[in-house]
Amino acid sequence: MKFRLGLFDDPYKYCNNKREINRILTKEHRAIARESARKSFVLLKNENNILPLNKKTKTIAVIGPLADSAGDMNGSWRAKGDTKDVITLLAGIQNAVSSTTRVLYEKGCEKTGSDKSNFNKAVELAKQADVVILAIGESASETGGNRSKAASIGIPSIQIELAKEILKANKNVTTILFNGRPITMKWIADNMPSVLEAWFPGTEGGNALAEVIFGEYNPSGKLPASFPIVVGQCPIYYNYKNTGRPIRKDDFKWQTKYLDVPNKPLYPFGYGLSYTNFEYSNLVVNKKEVNFNEELEISVTLKNIGKYDGAEVVQLYVRDLFGSVTRPVKELKGFEKVMLKSGEEKIITFKLTSDDLRFHNIDMNFVAEPGDFKVFVGGNSNDVIETEFKLLK
């Protein structure tokens, strides 16, 4: 392919210093990097609407080992990325606030280890602040290629201990997570009032985070993988196969479940909040029975019932109730990102054909089979409304 693309016709074609100076990290490209970052953030929790913060907040404490860590912002696949080009979370906050706002900073601890000698400094700053922005998670070297984990995929214990001390000192804490994989974070999810998943957001990550934190951009990202409660649930994913003894609401003994932890994830595939709220209603199919050569239309009414304008990723899932081989309980078959003003509603329509319902049967033929199907639509793979249809031969 490299020969076909002509990459060897001129071996010096891509070694042009002048072009590098004119093209790398231009204003236009940095703007794209910032947009990509803010679209990737996932709001996991926002109790009492702590976010967005007011830029005129009197005192903000930025605390944590990843708050000003330029070397981690570009993630494990940073290649030749230069830390001097990176806007960290701390820098982004400093760039964004008004001149009347004090921004205090303390690392608190290293990303790993057991040294708590700077805990007291961090706690004192937290006590002085109106709000704390706590930056914790993985280092870039802990994730990516050849960085698998088996015993623990959680935030290092020293950082959790720091988080506990900060929360004792100030209840108004926004937690920013930096990580490259689904992580276990039950204490954070249960106790921290606000949690924003930032991943490793790149050179413009700090500026992008500040835009979201201060409400210039309403987060709309969704999780591309389920987050487990504990590592023992792994592998955990939304499109699992049903069992002969599925979970029931009663106390029937022989259910397929754990004794010590729920079967569900901490945060499911497709999950992500917004500063506004969306309501799903009136899920209908245009026909209850559809032939192989026909198209099925599925429509749902989406309404922005909150006070902010915002975007929602509407997700369509299907379940084949009776297959010749076992079928997943849900399969993502479509999604659409919809922007709605506060109070606005819109009918969203998806289309399915028998081709969308194909799977590999016992003979490895890619086929659709007649039978009963369920349709689910919602803002993630768990919180959905449903209807049904029948596929006829």
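**Close-up views of cavities, cores and salt bridges**

**Figure 1. The second largest cavity holds about 30 Å³ of space.** The model shown here and in the other views is predicted. Val 290, Asn 291, Glu 294, Leu 296 and Leu 352 belong to the lining of this second largest cavity, and so do Thr 353, Ser 354, Leu 357, Phe 389 and Leu 391. Strands β8 (289–291) and β16 (384–392) are the elements that give two or more residues to this lining. By class, the lining residues are six nonpolar, three polar and one charged.

**Figure 2. The largest cavity has a volume of about 40 Å³.** The count of cavities of 30 Å³ or more comes to two. Val 318, Arg 319, Asp 320, Arg 327 and Glu 331 help to line the largest cavity, together with Lys 333, Asp 356, Leu 357 and Phe 373. Two or more residues of this lining come from each of β10 (310–320) and β11 (331–340). β10 gives the most, with three residues. The lining of the largest cavity has three nonpolar and six charged residues, but no polar ones. Leu 357 is listed in this lining, and Leu 357 also lines the second largest cavity.

**Figure 3. Asp 320 and Arg 327 form a salt bridge.** Their closest N and O atoms are 3.8 Å apart. Asp 320 is buried, and Arg 327 is buried too. Both Asp 320 and Arg 327 line the largest cavity.

**Figure 4. The largest nonpolar core has 38 residues.** Those with the most contacts inside this core are Leu 44, Ile 63, Leu 134, Ile 166, Met 185, Ile 188 and Tyr 267. The strands that give two or more residues to the core are β1 (42–46), β2 (59–63), β4 (131–137) and β5 (173–178). The helices that do so are α5 (119–128), α6 (157–169) and α7 (186–191). Helix α6 gives the most to this core, with six residues.

**Figure 5. Ile 63 and its contacts beyond four places in sequence.** With those neighbours left aside, Ile 63 is in contact with Glu 106, Ala 122 and Ala 126. Val 132, Ile 133, Leu 134 and Ala 135 also touch Ile 63. Leu 162 and Ile 166 are further contacts of Ile 63. Another core, of 34 residues, lies apart from the largest one. Among its residues are Val 131, Ala 135, Leu 209 and Tyr 275.

**Figure 6. Arg 38 and Glu 211 link distant parts of the chain.** The two residues form a salt bridge, with their closest N and O atoms 2.8 Å apart. Arg 38 sits in helix α2 (residues 27–40). Glu 211 sits in helix α8 (residues 205–213), and the pair is 173 residues apart. Arg 38 and Glu 211 are both buried. A network of salt bridges links Arg 30, Arg 34, Arg 38, Glu 204 and Glu 211.

**Figure 7. Glu 110 and Lys 107 meet in a salt bridge.** The N to O distance between their side chains is 3.1 Å. Glu 110 has a relative accessible area of 43%, so it counts as partly exposed. Lys 107 is also partly exposed, because its relative accessible area is 30%. A search of the whole structure finds 25 salt bridges.

Note on methods
Residues are numbered from 1 along each chain as its sequence is written. This is a predicted model: local features need pLDDT of at least 70, side-chain atom pairs count only at pLDDT 80 or more; totals for chains, interfaces and linings use all residues. Side-chain values use heavy atoms; hydrogens and water are left out. On a 1 Å grid over the protein atoms alone, a cavity is a set of points where a 1.4 Å probe fits but cannot get out, and a pocket is an open set with protein on both sides within 12 Å along at least five of seven lines; lining residues have an atom within 4 Å of a point. Grid points are joined across faces, edges and corners, and a volume is the space filled by probe spheres set on the points. Helices (H or I, at least four residues) and strands (E, at least two) are DSSP runs, numbered from the N terminus. Ala, Val, Leu, Ile, Met, Phe, Trp, Tyr, Cys and Pro count as nonpolar, Asp, Glu, Lys and Arg as charged, and the others, Gly among them, as polar. A nonpolar core is a set of buried Ala, Val, Leu, Ile, Met, Phe, Trp, Tyr and Cys residues joined through side-chain atoms within 4.5 Å. Buried means under 20% relative accessible area, exposed over 50%, partly exposed in between (1.4 Å probe, protein chains only). Contact means heavy atoms within 4.5 Å. A salt bridge is a side-chain nitrogen of Lys or Arg within 4 Å of a carboxyl oxygen of Asp or Glu.
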